[in-house]
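User: I would like a close look at a single loop of this protein. Please set that loop in the context of the rest of the chain.

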Amino acid sequence: ATSWVEPARLPAGDRAEGALGPSSPVPGTIVAVHVSAGDRVATGDSLVVLEAMKMEHSISADSAATVVEVVVGVGDAVDAHEVLVVLEPLADNQEA
């Protein structure tokens, strides 16, 4: 019998399971990074700025969180859907 297995399109990476964070909506280049690991951010805070198709896209936090890791740096080229910043949501009783 023959079976067909489709390989993963992108490597799985070595980040912990469940790591969450905003991703790039389109391929582009990182032009600014506004946070560092350990920072607390509030809903709507700008995390990084991505330039794509001659436009700048501000990538913001969806909720209050602590920055676990900044995956990208200024000048980095990123693909669509690539995680840019790993965030850990704050407990409901904590604020940024």
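Analyst: A strand here is a DSSP run of E with at least two residues, and a helix is a run of H or I with at least four; both are numbered from the N terminus. With that convention, Lys-54 belongs to the loop between β3 and β4. The model is predicted, and every statement below refers to that model.

The loop itself comes first. The hairpin of β3 and β4 has 2 residues between the strands, and Met-53 there takes a positive phi near 55°. Lys-54 likewise has a positive phi, of about 65°, although Lys-54 is not a glycine. As a general point, most residues other than glycine have a negative phi. With regard to solvent, Lys-54 counts as exposed because its relative accessibility is 84%, and the cut-off for that class is over 50%.

The two strands flanking this loop are β3, residues 46–52, and β4, residues 55–60, which pair in the antiparallel sense over 6 bridges. Within this pairing, Leu-50 has His-57 in β4 as its bridge partner. In general, strands of a sheet pair through backbone hydrogen bonds.

The hairpin is part of an open sheet of 4 strands, whose order is β4-β3-β1-β6 with antiparallel pairing. The edges of that sheet are β4 and β6 (77–78), each of which pairs on one side only. At the β6 edge, 2 bridges join β1 to β6, and these strands run antiparallel. Thr-29 stands opposite Ala-77 of β6.

Leu-50 also leads from the hairpin to another part of the chain, since Leu-50 is among the residues in contact with Ser-24 once neighbours within four places in sequence are set aside. Ser-24 is found in the segment before β1 (28–33). Is Ser-24 buried or exposed? Ser-24 counts as buried, because its relative accessibility is 0%. A polar atom of the Ser-24 side chain lies 2.3 Å from the backbone oxygen of Val-26. The other contacts of Ser-24 include Val-78, Asp-79, Ala-80, His-81, Glu-82 and Leu-84.

His-81, one of those contacts, lies in the loop between β6 and β7. The phi of His-81 is near 70°, a positive value in a residue other than glycine. His-81 counts as exposed because its relative accessibility is 63%.

The strand that follows His-81's loop, β7, belongs to an open sheet of 3 strands in the order β2-β5-β7, with antiparallel pairing. In this sheet β2 (40–41) and β7 (85–89) stand at the edges with a single partner strand each, so one side of each has no neighbour in the sheet. Strand β5, residues 65–70, is joined to β7 by 5 bridges, and the two run antiparallel. Glu-69 has Val-86 as its bridge partner in β7.

Finally, the chain as a whole. The chain contains 7 strands and 0 helices. Buried residues account for 24% of the 96 residues. Among contacts with a separation of 6 or more, 58% come from residues 24 or more positions apart. The accessible surface of the chain is about 6600 Å², and carbon and sulfur atoms contribute 50% of this surface.

Definitions and conventions
Residues numbered from 1 in each chain as written. Predicted model: local features only at pLDDT ≥ 70, side-chain atom pairs only at ≥ 80, totals over all residues. Heavy atoms only, no water. Pairing = 2+ DSSP bridges. Buried < 20%, exposed > 50% of the residue type's maximum accessible area, 1.4 Å probe, protein only. Contact = heavy atoms within 4.5 Å. Areas by Shrake-Rupley, 256 points an atom, 1.4 Å probe, with all protein chains shown as cover. Polar contact = N/O pair within 3.5 Å; in protein donor to acceptor, adjacent residues only side chain to side chain.
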